[in-house]
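Colleague: I'm just starting out with protein models and would like a close look at one small part of this one. Could you take me through it and then show me the rest around it?

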Amino acid sequence: MIEIRNVSHTIGGQTILNDVSLDIPQGGITALIGPNGAGKSTLLSFMARLQPLKNGSIRYNGQDIRNTPTAELARVLSILTQENNIISRISVRDLLMFGRYPYHQGRPSENDKTIVENALAEFQLQAFAHRYLTELSGGQRQRAMIAMVFCQNTEYVLLDEPLNNLDMYYARSLMQLLQKLTREHRRTTVVVLHDINQAAAYADFVVAMKNGGVLLQGHPNEVFTPENMNRLFDMDVQILEHEGRKLIVHHV
């Protein structure tokens, strides 16, 4: 379980996170949703220890991240941020092997190589394995970055808007793959999503944020109601049922 207690953050006197307390359940996909500026990415950055936490605490399996050595945390937690531009000439296969660095420390084993090759296949990257990241499209590069994260084989995976640059086919394929890998390997995946229908279709738990705080949380079928979406996004939507999941109609 991820325990978040009393996390606050301000920039230049402006409140970004306001006393956030939250328990993210063990296992499955938790989606962070909400309008722009709600604090989703900022919260994720604190969860990943990308910036020092000044107010509150965050614990993984009871261990405070402020007291966890970096090498130990890298074996527990992996992260993909929005700012993931890599401009060096590194091949896709080498990038994925870099994700294994906390384990091989520069000396890859046969097991490391097998994990990388399996990831290349699962993320449909075999045809690009020898190509440099700078030679790929934005969507191909995004898939490679996510594959690298999953090569770390961590118990917890944090993804900030992983569907960026992906078309409908690859966005759906990626969410299906995230669901499959999360369930098969019993991981806890926390993902920031702007597409609320992807959250409704694939998340096991939803956290809705607004104005730096948690407004709603629960199963998608509990969170996605017309009343809740109006509170969250200040707009009226229609909610339909499709194969036991909610479908949010907000385009018209």
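What relative accessibility does E243 have, and does it count as buried or exposed?

Modeller: Keep in mind that this is a predicted model. E243 counts as exposed, because its relative accessibility is 73% and the cut-off for exposed is over 50%. You'll find E243 in the loop between β11 (238–242) and β12 (245–249). Its backbone deserves a look too: the phi of E243 is near 50 degrees, a positive value in a residue other than glycine.

Now step into the strand before that loop. L240 lies in strand β11, and with a relative accessible area of 41% it is partly exposed. Leaving out residues up to four places away in sequence, L240 touches R245, K246, L247 and V249. You can also check a distance here: L240 and F224 are 16 residues apart along the chain, and their C-alpha atoms are separated by 10.0 Å.

Q124 is another residue to put beside E243. Q124 has a positive phi of about 55 degrees, although it is not a glycine. Q124 lies in the loop between α5 (110–122) and α6 (138–151). Its relative accessibility is 38%, so Q124 counts as partly exposed.

For a contrast with the exposed loop residue, go to strand β3 (residues 28–33). That strand is mostly covered, with six of its six residues buried. In a regular strand, side chains alternate between the two faces of the sheet. Here G28, T30 and L32 point one way from β3, while I29, A31 and I33 point the other way, and all are buried. Look at the neighbours as well: five bridges join β3 to strand β8 (residues 188–192), and the two run parallel. In that pairing, G28 stands opposite T188. β3 also pairs in the parallel sense with strand β9 (residues 205–210), over four bridges, and there T30 stands opposite F205.

Next, an antiparallel piece. Four strands form an open sheet in the order β2-β1-β4-β5, and the pairing is antiparallel. Its edge strands, β2 (14–24) and β5 (63–64), each pair on one side only. Inside this sheet, strand β1 (residues 2–11) is joined to strand β4 (residues 57–60) by four bridges. For one example, I4 has I58 as its bridge partner in β4.

Finally, zoom out. The protein has 10 helices and 12 strands. Its radius of gyration is 18 Å, close to the 18 Å that the globule rule gives for 252 residues, so the protein is as compact as a globular protein of that length. The C-alpha trace spans about 55 × 40 × 35 Å along its principal axes. Buried residues make up 50% of the 252 residues. Among contacts between residues at least 6 apart in sequence, 63% join residues at least 24 apart. As for the surface, the protein exposes about 12,300 Å², and carbon and sulfur atoms supply 48% of it. The charges round things off: there are 24 positive and 25 negative ones, and their mean positions are 5 Å apart.

Note on methods:
Residues are numbered from 1 along each chain as its sequence is written. This is a predicted model: local features need pLDDT of at least 70, side-chain atom pairs count only at pLDDT 80 or more; totals for chains, interfaces and linings use all residues. Side-chain values use heavy atoms; hydrogens and water are left out. Two strands pair if DSSP finds at least two bridges between them. Buried means under 20% relative accessible area, exposed over 50%, partly exposed in between (1.4 Å probe, protein chains only). The radius of gyration is taken over C-alpha atoms; the globule rule is 2.2 Å times the number of residues to the power 0.38. Contact means heavy atoms within 4.5 Å. Accessible areas come from the Shrake-Rupley method with a 1.4 Å probe; for residues, only the protein chains shown count as cover. Lys and Arg count as positive and Asp and Glu as negative; His and the chain ends are not counted. The place of a charge is taken as NZ of Lys, CZ of Arg, CG of Asp or CD of Glu.
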